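Morning, everyone. Please bring up the model on your screens. I will take the strands, then the rings.

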Amino acid sequence: QLQLVESGGGLVQPGGSLRLSCAASGFSLEYYAIGWFRQVPGKEREGVSCITASGGATHSANSVKGRFTISRDNANNSVYLQMHSLKPEDTAIYYCAAGHLFTTVQAMCVDQRVDYWGKGTLVTVSS
């Protein structure tokens, strides 16, 4: 069974940092583009950061540029989202997603062309 499982969410103060992890089971992430998305109840889902299967290209939303970094560790079948300088408006459920090999980061992050979704992890930024 193909699964993506997110972890690392929690409560953090404004200005703090968190690292989200996404672990895959049932398939090898090295053949997939990966993206992190977030959604606040009542609002549209937003593509946060995406990375190609090769790791050669990334895309980040303007709202997180310079603060969030996506990376992948194919040996451990995992992808990460390092988040710094967190703001209350970053509060959301964060989802990991996978797209097939030739999915571009723009197609994934902007058009949300995704084949598999995780169930999400909650990030709350509050004092």
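Two strands count as paired if DSSP finds at least two bridges between them. Keep that cut-off in mind for the next step. Strand β2, residues 10-12, is joined to β11 by three bridges. These two strands run parallel. One contact to look at: Gly10 has Val123 in β11 as its bridge partner. And yes, this is a predicted model.

Now the other pairing of β11. Strand β9 covers residues 92-100. β9 and β11 pair through three bridges, in the antiparallel sense. Here, Tyr94 has Thr121 as its bridge partner in β11.

Stay on β11, residues 121-125. Which side chains point to the buried face? Thr121, Val123 and Val125 do. Leu122 and Thr124 point to the other face, and they are not buried. So the side chains alternate along the strand. Two of the residues just named as bridge partners are back here: Val123, the partner of Gly10, and Thr121, the partner of Tyr94.

On to the rings. How many aromatic pairs does the structure hold? Five. I will show two.

Start with Phe27 and Tyr116. Their ring centres are 5.6 Å apart. Their planes sit at 40 degrees, so this pair is tilted. Where are the two residues? Phe27 is in the loop between β3 (18-25) and β4 (32-39). Tyr116 is in strand β10, residues 116-117. The pair therefore ties together parts that are 89 residues apart in sequence.

Buried or exposed? Phe27 has 11% relative accessibility, so Phe27 counts as buried. Tyr116 has 25%, so Tyr116 counts as partly exposed. The cut-off for buried is under 20%.

Tyr116 also pairs with Tyr32. That one is edge-to-face. The centres are 6.0 Å apart, with 65 degrees between the planes. Tyr32 lies in strand β4 and Tyr116 in β10, so this pair links parts 84 residues apart in sequence. Tyr32 is buried, at 11% relative accessible area.

Put the three together. Phe27, Tyr32 and Tyr116 make up one aromatic cluster.

Last item: a charge over a ring. Arg19 lies over the face of Tyr80. The distance to the ring centre is 4.1 Å.

That is my tour. Over to you.

How values were computed
Residues numbered from 1 in each chain as written. Predicted model: local features only at pLDDT ≥ 70, side-chain atom pairs only at ≥ 80, totals over all residues. Heavy atoms only, no water. Phe/Tyr/Trp six-rings, centres within 6.5 Å; stacked < 30°, edge-to-face > 60°. Helix = DSSP H or I, 4+ residues; strand = E, 2+ residues; numbered from the N terminus. Buried < 20%, exposed > 50% of the residue type's maximum accessible area, 1.4 Å probe, protein only. Lys NZ or Arg CZ within 6 Å of the ring centre and 35° of its normal.
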